[in-house]
Amino acid sequence: MEGLNKMRELIASFVSLADEEWLAFSKLLLQKSFPKGSFLCREGQIENHIFFLVKGATRNYFLKDGKEFTVDFLFEGDMVTAYYSFITREPSMIAIQAIEDIEAILIPYQLLQDFYLNSHSGERIGRLIAEFHYKKRLEREMALLSTTAEERYAQLMDRNPELIRKTAVKHLSTYLGIQPESLSRIRKSYSRN
């Protein structure tokens, strides 16, 4: 129940839903647990859900020439999905892996499509979620081009310091766009301050 309330608060930040509209939508949602290390979506799989993270965190990454490149970390209170696959119905180019045990609320693809068709608020939510993802992706690209690795590391630490301290250097370094040795220096410097 607490998870549904948190999810409703997030949706309310996009658009206000009438109680009856929320109840009709929320009773069709799924709740699921994922142990640390499991996949919410694998590369090559068609994404069929948007996941609201009630608890836990994910690492989103892709493989190129046998090397993993982390593109995002998402935490409690975030929505995560292989969005390109979700909207195009094509195989995902990324994998989404639990880096902590996860409790999630799942929005199935077809439920969302039906909600868009049958609710004016649904259409608006869909548009606003798409705009949110675009904004987030643009901010990430701009940060990679205009901020230092130290600044990007500090921003990530502000979001979830405990988890970031435990995350493997190889995953964090690809996310920050630097070599593992550089990240080790940043971590040492950050811990001294």
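How exposed or buried is lysine 6 by relative accessible area? Lysine 6 is partly exposed, at 25%, where buried means under 20% relative accessible area, exposed over 50% and partly exposed in between, computed with a 1.4 Å probe on protein chains only. Let's use this residue as the way into the structure.

This is a predicted model, in which local features need pLDDT of at least 70 and side-chain atom pairs count only at pLDDT 80 or more, while totals for chains, interfaces and linings use all residues. Residues are numbered from 1 along each chain as its sequence is written, and side-chain values use heavy atoms, with hydrogens and water left out.

## Salt bridges

Side chains of opposite charge can pair when their charged atoms come close. The structure holds eight salt bridges, each a side-chain nitrogen of Lys or Arg within 4 Å of a carboxyl oxygen of Asp or Glu. Three of them are listed here.

| Pair | Closest N to O distance |
|---|---|
| Glutamate 2 and lysine 6 | 3.3 Å |
| Lysine 6 and glutamate 76 | 3.2 Å |
| Arginine 127 and glutamate 131 | 2.9 Å |

Helices (DSSP H or I, at least four residues) and strands (E, at least two) are runs numbered from the N terminus. Glutamate 2 and lysine 6 both sit in helix H1 (residues 2-12), four residues apart, or about one turn of the helix. Glutamate 2 is exposed, with a relative accessible area of 52%.

Lysine 6 also pairs with glutamate 76 in a salt bridge. That pair links distant parts of the chain, with lysine 6 in helix H1 and glutamate 76 in the loop between strand S5 (67-74) and strand S6 (79-80), 70 residues apart. Glutamate 76 counts as partly exposed at 47% relative accessibility.

Arginine 127 and glutamate 131 are both in helix H5, again four residues apart, about one turn of the helix. Arginine 127 is partly exposed at 43%, and glutamate 131 is partly exposed at 41%. Salt bridges that share partners join Glu2, Lys6 and Glu76 into one network.

## Helices H5 and H9

Helix H5 covers residues 120-146. The expected span of a helix is 1.5 Å times one less than its number of residues, so the 27 residues of H5 should span 39 Å, and the end C-alpha atoms are indeed 39 Å apart. Buried residues in H5 are Ser121, Gly122, Ile125, Gly126, Leu128, Ile129, Arg140 and Ala143.

For helix H9 (residues 180-192), 13 residues should span 18 Å, and the end C-alpha atoms are 19 Å apart, which agrees. The buried residues of H9 are Leu183, Ile186 and Arg187. They cover an arc of only 100 degrees around the axis, which puts them on the same side of H9; the arc is that of the directions from the helix axis to the C-beta atoms. Facing away from this buried side are the exposed residues Arg185, Lys188 and Arg192. Among the elements covering the buried residues of H9 are helix H6 (149-159), helix H7 (161-166) and helix H8 (169-176), with contact meaning heavy atoms within 4.5 Å.

## The cavity

Rolling a probe the size of a water molecule over the atoms shows where empty space is left. On a 1 Å grid over the protein atoms alone, a cavity is a set of points where a 1.4 Å probe fits but cannot get out, and lining residues have an atom within 4 Å of a point. Grid points are joined across faces, edges and corners, and a volume is the space filled by probe spheres set on the points.

By this rule there is one cavity of 30 Å³ or more. The largest cavity holds about 40 Å³ of space, and its lining consists of Ile11, Phe25, Met79, Ile107, Leu112, Phe115, Ile125 and Ile129. Helix H4 (109-118) and H5 are the elements that give two or more residues to this lining.

## Phenylalanine 52 and two loop residues

Phenylalanine 52 belongs to strand S3 (residues 49-55) and is buried, with a relative accessible area of 1%. Setting aside residues up to four places away in sequence, phenylalanine 52 touches several residues, including Lys6, Met7, Met79 and Ile105.

Most residues other than glycine have a negative phi. Aspartate 65, in the loop between strand S4 (58-64) and S5, has a positive phi of about 55 degrees and is exposed at 75%. Arginine 89 has a positive phi of about 65 degrees; this residue lies in the loop between helix H3 (83-88) and strand S7 (95-98) and is partly exposed at 27%.

Technical notes
On a 1 Å grid over the protein atoms alone, a cavity is a set of points where a 1.4 Å probe fits but cannot get out, and a pocket is an open set with protein on both sides within 12 Å along at least five of seven lines; lining residues have an atom within 4 Å of a point.
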